[in-house]
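Please open the model in your viewer and keep the selection tool at hand. The stops below follow one another, each beginning with something to select.

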Amino acid sequence: MKTTYYGQSTIEIETGGKKLLFDPFITHNPLAKHIDINSFKPDYILISHGHGDHVADLIEVQKNSGAKVICIAEIANWLNSKGIDNVHGMNIGGGFNFEFGRVKMVNAIHSSTMPDGAPGGNPAGFVLYTNEGKNIYFAGDTALTYDMKLLADDNLDWAYLPLGDNYTMGADDAIKASAFINCKNIIGVHYDTFPVIEINKDEVAEKFIKAGLNLKLPAIGEPFEL
């Protein structure tokens, strides 16, 4: 199973012969200017919420690839209004079996509005129970929440957690979240894109080491094995 980080909260996971792209925000991210948006051909696109820094490239990538979009019901309706029908709407607490495994939509504490002002429903995270036997948590944009403790028994192998603070939890709360979800392998997202979410990587890495956690802060476009 391979993953690649593309800046902000945009990640790709390859599992079971399928490519899953999360929260595509590339063309408007100066840190990802070397990434060609036309190179993305995912089978699925998973959307955590409606803010522009998570959906800016959604429609273009979907039209280029024909990918099925997995998202909250309100975003599914918004996509339908834009002429995109290959959508699977879900809601918090629900799960569904796809070709690559099971997806469960879980709570996230944030806000959500589409770029054009349409309602984005509730923000969400996802847990993937893949057919390859690895369980992955993508938290989306969220504050630290006790709801994360509900994942403690899910045998999570990896978790993508936001680290940038200001709009989401920062490093200290992400360390607490790691304990809540009982997962020691963490991939940081949602940092450095804007001045208010810039982090000191060395300082953050040291905090995670002291907490006994394995933190990865991959370079944009750098793939690695999960």
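The tour goes from a sheet to a helix that packs on it, and then to a core and a helix pair.

This is a predicted model, in which local features need pLDDT of at least 70 and side-chain atom pairs count only at pLDDT 80 or more, while totals for chains, interfaces and linings use all residues. Residues are numbered from 1 along each chain as its sequence is written, and side-chain values use heavy atoms, with hydrogens and water left out.

Begin with the sheet, where seven strands (DSSP runs of E, at least two residues, numbered from the N terminus) form an open arrangement in the order 7-8-9-10-11-12-13, with mixed pairing; two strands pair if DSSP finds at least two bridges between them. Strand 7 (95–98) and strand 13 (214–216) stand at the edges with a single partner strand each, so one side of each is left without a neighbour in the sheet.

Next select strand 9 (residues 124–130) and strand 10 (residues 135–138), which pair in the antiparallel sense over four bridges. Within this region, F126 stands opposite F138 of strand 10.

Now add helix 4 (residues 171–181), which packs on the sheet and touches strand 10, strand 11 (158–162) and strand 12 (185–189); helices here are DSSP runs of H or I with at least four residues, and contact means heavy atoms within 4.5 Å. The buried residues of helix 4 (under 20% relative accessible area, with a 1.4 Å probe and protein chains only) are A171, A174, I175, A177, S178, F180 and I181. Their cover includes strand 10, strand 11, strand 12 and helix 5 (201–210). After helix 4 comes N182, whose phi is positive, near 60°.

Which residues have the most contacts inside the largest nonpolar core? They are Y137 and F208, in a core of 74 residues, where a nonpolar core is a set of buried Ala, Val, Leu, Ile, Met, Phe, Trp, Tyr and Cys residues joined through side-chain atoms within 4.5 Å. Helix 4 supplies the largest share of this core, six residues. Centre the view on F208, whose contacts, leaving aside neighbours within four places in sequence, are L163, A171, A174, I175, S178, I186, L213 and L215.

Finally, show helix 4 and helix 5 together: they pack at an angle of about 25°, with their axes 10 Å apart, the axes being lines fitted to C-alpha atoms over the stretch in contact and the angles running from 0 to 180 degrees between N-to-C directions. That makes helix 4 roughly parallel to helix 5, a description used for angles under 35 degrees. A171, D172, A174, I175 and S178 of helix 4 make the contact with V204, K207 and F208 of helix 5.

Methods. Buried < 20%, exposed > 50% of the residue type's maximum accessible area, 1.4 Å probe, protein only. Parallel < 35°, antiparallel > 145°, perpendicular 65-115°, else oblique.
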